[in-house]
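Here are some exercises to work through with the model open beside you. Try each task before reading its solution.

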There are 2 protein chains.
Amino acid sequence: MDKKDEKITINFEPISRRVFLSIDKSLYETLVKIGINIKSLCGGLGTCGKCRLLVQKGNRFFNPPTNAEKKFINEKDLEKGYRLACQTRINKNFIQKLEESNAPQFRVFLPDELLFEDFKILTSGINKGVKLNPAIKKIFVEVKKPTLETPIADLERINASVLSNDLDLTLNYPINIEFDLLKKLPKILREKNHGITITQWNEDKIIALEPGNTKEDNFGIAFDIGTTTIVGYLINLNNGKIYSLASKLNPQTAYGEDVITRITYIKDNENGLQTLNSIVIGALNDIILKTCSKAKITPSQIYEATIVGNSVMHHIFLGINPINIGLSPYVPVVQQGLNVKSKNLNLNINSQGNVYVLPLIAGFVGADTMGVIISSDIENENELTLAIDIGTNGEIIIGNNEFLLTGSCAAGSALEGAHIKDGMRAAAGSIDSIRIEPKNLEVKYTTIKNRTPLGICGSGLIDAIAEMLKSNIITRSGNFNKNIIDHERFIKNDKSIEFILVKKDETSLDKDITLTQGDIRQLQMAKAAFYSGARLILKDLNQNNIKNQKDEYEIKQIFLAGAFGNYINKENAKFIGMIPDISNDKIFQIGNAAGIGAQNCLLNKDLRKKAQKLLNKIQYVEIAIKKDFQREYASAMYFPHLNLDHFPNLKEYENIPKR
Amino acid sequence: MDKKDEKITINFEPISRRVFLSIDKSLYETLVKIGINIKSLCGGLGTCGKCRLLVQKGNRFFNPPTNAEKKFINEKDLEKGYRLACQTRINKNFIQKLEESNAPQFRVFLPDELLFEDFKILTSGINKGVKLNPAIKKIFVEVKKPTLETPIADLERINASVLSNDLDLTLNYPINIEFDLLKKLPKILREKNHGITITQWNEDKIIALEPGNTKEDNFGIAFDIGTTTIVGYLINLNNGKIYSLASKLNPQTAYGEDVITRITYIKDNENGLQTLNSIVIGALNDIILKTCSKAKITPSQIYEATIVGNSVMHHIFLGINPINIGLSPYVPVVQQGLNVKSKNLNLNINSQGNVYVLPLIAGFVGADTMGVIISSDIENENELTLAIDIGTNGEIIIGNNEFLLTGSCAAGSALEGAHIKDGMRAAAGSIDSIRIEPKNLEVKYTTIKNRTPLGICGSGLIDAIAEMLKSNIITRSGNFNKNIIDHERFIKNDKSIEFILVKKDETSLDKDITLTQGDIRQLQMAKAAFYSGARLILKDLNQNNIKNQKDEYEIKQIFLAGAFGNYINKENAKFIGMIPDISNDKIFQIGNAAGIGAQNCLLNKDLRKKAQKLLNKIQYVEIAIKKDFQREYASAMYFPHLNLDHFPNLKEYENIPKR
């Protein structure tokens, strides 16, 4: 049985967790056993139909749909692989085949509504303070009625009344008004006795006319569309306060974890772009409904949305084909900031609402990075600052009040739990911090929501590596220290060595949670990508020596943005050599800076002009084509670096062997 | 039979001609007999189905649909009253009822496609010369391809290439581009090796991107939407030449001859606005196809349309409810000039094309009058000029380079043949000019297209009245001269006296074409409306004496615009007292000045700004509320006027009795 069990590993998405499935257990029983709370009213009897999930790979090895499934799932969905978790188990007829086949792949997608637990999605961040000056302005005006002596048209009377009432609104004449609105004008004007509320966008266009006084109902929503997660912030545009927020996993993960896989999906499927576009719009509309319901408003009271996201998310959201971002020389279709009508995007805010999308910097440095730049105000720093945004992709910004350089590094998704044997996303049950006692190699850890440990997420991984270095478990080249691999926390077999982080009996997984040599390599690659990326951009700067100053430019300050940027132990991030060796009080965790950028642009329209202007200041550096790339990357694979001179303050390394 | 025949009068639209129907003749036979050529392949056998028409009133008195009709017309259309002309005749069972009922009304609408003959629609006019400066500009550019060193986005590379090639085009950055176009950009750019043609609107927005060089295909279309007729002029925007034109009757006439009836239809029918809007759009799209086919281009090569029309036509065309134009104080929804996307109007030009609609002046002084003002350049005249636009409604403009006043007069539709016993529209067979020999009262006439006379149209009517005055047939008060009513050209019966213009044997109508006392009254009212309207506006001007000059303002020059304005004998128009008594060489017939205004705005976008600016200069005078209205109107009912001092040069009146 053990050998067989080993083969039946189910990859559960979107938590990115691989879990053993016993041949005598249903998917429901397995998920419950390992502590993933899924929705069910009947407790697995097949009578409530709530535990619906999608088997994306390997459905042929499961039992055929049962009558219970046929009752709750239509034929088309059954064909697509939708199942009830409680009805789905390995088809015993196929056990032979399973043994024969070479580790068949199983991939099961847990729909958002199935998961009770919210993910640990970073929604907060540091807002450097932004003046309230939204693009949306609402005013109430009592319009003069026409007479035979002054038979002025409806629209022109609105103009005259705005002028004569000295209201806080400037209308240019001819008035810029949505045509659809003009058609409704005579009815709206007469509905509440010629009293109407005008909603103006960008000091220019009338985008809404409402009968009576509705000035108080004035909302906007800021979205951060990440490859993995989407967050929406509902903001009252009259006072700038966040009234509610909601987040959810990007449902596009069902079509690929990373942007390249999604581009491939679009390339290979005729309606691929449309499919991915409509599900992301659907997710945003879910968030709109959630935030509106929390704030007790209706979506029609939201007049504007602002959007950040990487270039591929940006394109797919807009329904623009991102295919050329995936092909050398990796160009997007458009970089400039865009204003699009909500109805052209099917976004469920006010039907005449505006959607502002922040500009892109390059194919792999997107509107999210622009959001980071806007919210961190890095372009006004005196000291040379390195900002890194650690999401599914890694973006690097180096700059100050004189210049700004950006680049993208292929950090891989190790920090999101991918390609790590027991890795997982930062969800309930994931180990997010670790301490190792050097004397006895005892491991202390915390998990998100204090649940039974299920796997390890990015911040836990960085801690684990740093602690393993300090405890001499691994060397500076990332190898296990051969002197102690006989310790009881090591598992050795022909193929590999693993270090046990959590023993089997502390989990519900029927196995230990370990770190393998391969896991360490994955983290080395990720951290080397960030460090060498920053080095290469800095080199570029020094070679072109913009100000012709004598001394070389050096990083004086670090901003860590993004989910991991906020949760990781900055000391340990520096210790493993992911970021340069500067004083801790010069390292700032600025949270979801991209999302804050979207919020700021919603609160103050001048920041959109600023973002547009910054496109001229920002230089994009294509890191991968630099001639030193290979050497810099290889040197940065060491902990903290091949050349210890880079990290003069990390005295602990004196006692850590190189190989 | 004679008595019965008298009752069965069919009113044929859109030619506005009442014709007797014999009870033993089909509609087809009747139409053929009186010389109205209608489409038929089988010659009335009921086998081709081509002679389809719409019985709008009185269908219940016709025979039930025959098998032939059931074959060619679907049930729904049969219910609406569609028939085949050759199958439709009086149901003999109803003859008794016909005799009993008090002159039941029959109204038959001849669809446009049924009529062989084109109407006499005025399409030409005087173009005072306009500089070519269209809103549409097309340029071809070879866009630089991206490289790893310069991985610039598609749109931004277009911008860079336009800048570096020093092309005759200015793009502001960020670029204003239609969102739909942006989505197509990557494909279009790569279709012809990065060579694309950019179409820019108003030095601002990119509205089209086409692969390769399509600079030469650059067209616009100017429309004049009249209550009765619609004309379209297809113009090459690269050289300003009219490539083709087409006209047709406004199919809205099926729902009412005048704007008030159409407003009533909209008020009384839930989808009335939508119905009238879609048929006028359909007519415009027909004209677009016709003009394109003549010029051998496709509608997608038309990037802009300009529109003039009276306020009600303007609103219905835009799908804006005109209901308040029909109610005191007669206000439109909007006055300013508008730019609307063609696709928002379902107008079949380029899908991203622009539709510019000229501004309205008031509820009854529309964009057509603005077109007259723009093309006649009246605002630059030194001499005080009176311009009248004689269409279904009458508009009056008085002004010069210092001021402009406008008003609308209820001229009625006598000049279009309505309410005139043998009146009809200016179609083939209508009498359009008349001379009467005073000695023997012999009448000489011409007809449109030299066809057998069918009725009399506006210009013929003015001639007839003037000639009857000169021949002493009628007096200055419009009564028949009792001294000569025994002449053989008079028909007298108990009720009325009629003057025979064309004797029965010269027509195919089985009756004489005559003018009745009532007909003369109709014309008196029409001409009095124009003259008194102009007088009242002039009075308004003199009372408010804008420049405080000592002498009263006097009309020094007259522009006659519109179809009748062009075809009428200006001498006779003055003789009957329709226009002031000034020298003939100061009376100019400027043709379809409204349509020319639309053309000029298409050719030179600066004229749109001018039209917008003129809204400030133009004063609208509500003629009907002036206290002198009644007196002025009554005095102007006389030929040429109650007070002969108004017409000192018409010496002939010395010999014409007053009553």
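Helices (H or I, at least four residues) and strands (E, at least two) are DSSP runs, numbered from the N terminus. Keep in mind that this is a predicted model.

**Exercise 1. Find the loop that holds B:Glu203, and say what is unusual about the phi of this residue.**

Solution. Start with the strands on either side: β8 (195–201) and β9 (205–211) of chain B, with B:Glu203 in the loop between them. Now look at the backbone: the phi of B:Glu203 is positive, about 55 degrees, although the residue is not a glycine.

**Exercise 2. Locate the cis peptide bonds that precede A:Pro329 and A:Pro640, and place each proline in the chain.**

Solution. Begin with A:Pro329: the peptide bond leading to this proline from A:Ser328 is cis, and omega is near 5 degrees. A:Pro329 sits in the loop that runs between α10 (311–318) and β14 (338–341) of chain A. Next, take A:Pro640, which is joined to A:Phe639 by a cis peptide bond with omega of about -15 degrees. A:Pro640 belongs to the segment after α19 (629–636) of chain A.

**Exercise 3. Decide whether the radius of gyration of chain A agrees or disagrees with that of a compact globule.**

Solution. First, the expectation: for 659 residues, a compact globule would have a radius of gyration near 26 Å. Chain A has 28 Å, which agrees. Then add the outline: along the principal axes, the C-alpha atoms of chain A fill a box of roughly 100 × 80 × 40 Å. Within chain A there are 19 helices and 27 strands.

**Exercise 4. Describe how α6 and α7 of chain A meet.**

Solution. Take the geometry first: the axes of α6 (residues 154–164) and α7 (residues 179–191) of chain A come within 10 Å and cross at roughly 65 degrees. Then list the residues that make the contact: α6(A) gives A:Asp154, A:Leu155, A:Arg157 and A:Ile158, while α7(A) gives A:Leu182, A:Leu185, A:Pro186, A:Leu189 and A:Arg190. Finally, sort them: six are nonpolar, none polar and three charged.

**Exercise 5. Characterise the interface of chain B and chain A, from its area to its composition.**

Solution. Count the residues first: 42 of chain B are in contact with 42 of chain A. Together the chains bury about 3,500 Å², with 65% of this area from carbon and sulfur atoms. B:Leu148, B:Phe179 and B:Gln336 supply 18% of the area that chain B buries against chain A, more than any other three residues.

Now turn to the polar side. The rule finds zero salt bridges across the interface, but there are 14 residue pairs in polar contact. Among the elements giving two or more residues to chain B's side are α6 (154–164) and α18 (606–617) of chain B. The largest share, six residues, comes from α7(B). To finish, divide the residues on chain B's side by type: 27 are nonpolar, eight polar and seven charged.

Notes
Residues numbered from 1 in each chain as written. Chains lettered and ligands numbered in written order. Predicted model: local features only at pLDDT ≥ 70, side-chain atom pairs only at ≥ 80, totals over all residues. Heavy atoms only, no water. Contact = heavy atoms within 4.5 Å. Buried area = accessible area lost by both parts, 1.4 Å probe. Salt bridge = Lys/Arg side-chain N within 4 Å of Asp/Glu carboxyl O. Polar contact = N/O pair within 3.5 Å; in protein donor to acceptor, adjacent residues only side chain to side chain. Nonpolar A, V, L, I, M, F, W, Y, C, P; charged D, E, K, R; others polar. Axes fitted to C-alpha atoms, helices over the stretch in contact; angles between N-to-C directions. Rg over C-alpha atoms; globule rule 2.2 N^0.38 Å.
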